[in-house]
Amino acid sequence: MKHIAGAVGALVVSLFGFTGTVQADALETIKERGKVLVAVDIGAPPFGMIDGNAQPAGSDVEAARLLAEDLGVELEIVPVNGPNRVPYLLSGKADIVLASFSITDERKKVIDYSEPYGVVPAVIGGPVSENITSFQDLIGKTVAVTRGTTSDQELTKGVRETGGITVVRYEDDATTNTAVATGQQDYIAAAGSVIPAVKASNPNRDIEVKFLMYAFPYGVGLRKNEPELKTWLDGWVETNLKNGKLNEIYVRHFGISLPEEMLK
């Protein structure tokens, strides 16, 4: 019986990762700490960036400030980039992620999401002079993209189906955007908001949206098995969509309103 009890105890530890101490839920931990650690990609304008005063700014930064205020705690911004958003969340370096975090089936295998609070259109951008309306038109050309982003995923699908397209992957949005703005690359797969930002950084680069790959809703990312935190986040999203605060932030940074069905 002792051997059986020991074996059962070892199995419980291996399956659940604790030895009798119940892990506090994330929402309780945040409230007790008095601070929420929010991962934001500050190299992905207009979602996240550094302003003229060297302070974090952007739509996700403003949303994070609103969230912390409604939660009644201080905000600590944890800078991330596209590839390390999920690792930072899973390792506990961040409590939640607000970083143009598109909701995909692949990511939902390892993390959870709140209800959507915005949308990211994934597009192909390129020179105005070029007639590019589909992946077929990109055969023989090179496309820049940030590794691990939803734009990367959609580009990969298009390239796989079409063939003949070279993909150059950069490690963060800032590097990808710079590569296109400086003329190292002519084409880019990115969020729709990136194209005018690239053009603004170098007006001599006459870049425009060539075609839409996909429109992704994005939500607040959180670790799995946190029902209390997810319930709170879903309620926060619903409340601030209905009262217009999240739409005000979106309009301020993107110049357009959120989809009408989302505001309902």
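**A walk through the predicted model**

In this predicted model, the protein chain is built from ten helices and twelve strands. Along the principal axes, its C-alpha atoms fill a box of roughly 75 × 45 × 35 Å, and of the 264 residues in the protein chain, 45% are buried. The protein chain exposes about 13,100 Å², of which carbon and sulfur atoms supply 53%. Among the contacts in the protein chain with a separation of 6 or more, 70% join residues that lie 24 or more positions apart.

Before turning to the details, it helps to consider confidence. The pLDDT of the protein chain averages 89, and 91% of the residues score at least 70. Residues 1-23, however, have a pLDDT below 50, and beyond near neighbours in sequence this stretch has four contacts in the model. Where pLDDT is low, the predicted coordinates should not be read in detail.

One part of the structure to follow is an open sheet of five strands, which run in the order S9-S8-S10-S7-S11 with mixed pairing. Strand S9 (166-170) and strand S11 (207-218) stand at the edges, and because each has a single partner strand, one side of each is left without a neighbour in the sheet. On average, and with direction ignored, neighbouring strands of this sheet are turned by 20 degrees against each other. Further inside the order, strand S8 (residues 142-146) pairs with strand S10 (residues 187-191) in the parallel sense, over three bridges, and here Ala 144 stands opposite Ile 188 in S10. Helix H6 (residues 173-181) packs on the sheet, where it touches S8, S9, S10 and S11, and the direction of helix H6 makes about 155 degrees with that of S8.

The nonpolar interior can be followed next. The largest nonpolar core has 47 residues, and those with the most contacts inside this core are Val 36, Ile 96, Leu 98, Tyr 117, Leu 229 and Trp 236. Helix H3 (residues 59-71) gives the largest share of this core, seven residues. Leu 229 offers a way to look at the surroundings of one core residue: leaving aside neighbours within four places in sequence, Leu 229 is in contact with Ala 26, Leu 27, Ile 30, Asp 95, Ile 96 and Leu 222. Ile 96, one of these partners, is itself among the core residues with the most contacts.

A second core, separate from the one just described, has 15 residues, including Ile 132, Leu 155, Tyr 187 and Phe 216. Tyr 187 falls within strand S10 (residues 187-191), and Phe 216 within the edge strand S11 (207-218).

Note on methods:
Residues are numbered from 1 along each chain as its sequence is written. This is a predicted model: local features need pLDDT of at least 70, side-chain atom pairs count only at pLDDT 80 or more; totals for chains, interfaces and linings use all residues. Side-chain values use heavy atoms; hydrogens and water are left out. Two strands pair if DSSP finds at least two bridges between them. Helices (H or I, at least four residues) and strands (E, at least two) are DSSP runs, numbered from the N terminus. Axes are lines fitted to C-alpha atoms, for helices over the stretch in contact, and angles run from 0 to 180 degrees between N-to-C directions. Contact means heavy atoms within 4.5 Å. pLDDT is the predictor's confidence in each residue, from 0 to 100. Buried means under 20% relative accessible area, exposed over 50%, partly exposed in between (1.4 Å probe, protein chains only). Accessible areas come from the Shrake-Rupley method with a 1.4 Å probe; for residues, only the protein chains shown count as cover. A nonpolar core is a set of buried Ala, Val, Leu, Ile, Met, Phe, Trp, Tyr and Cys residues joined through side-chain atoms within 4.5 Å.
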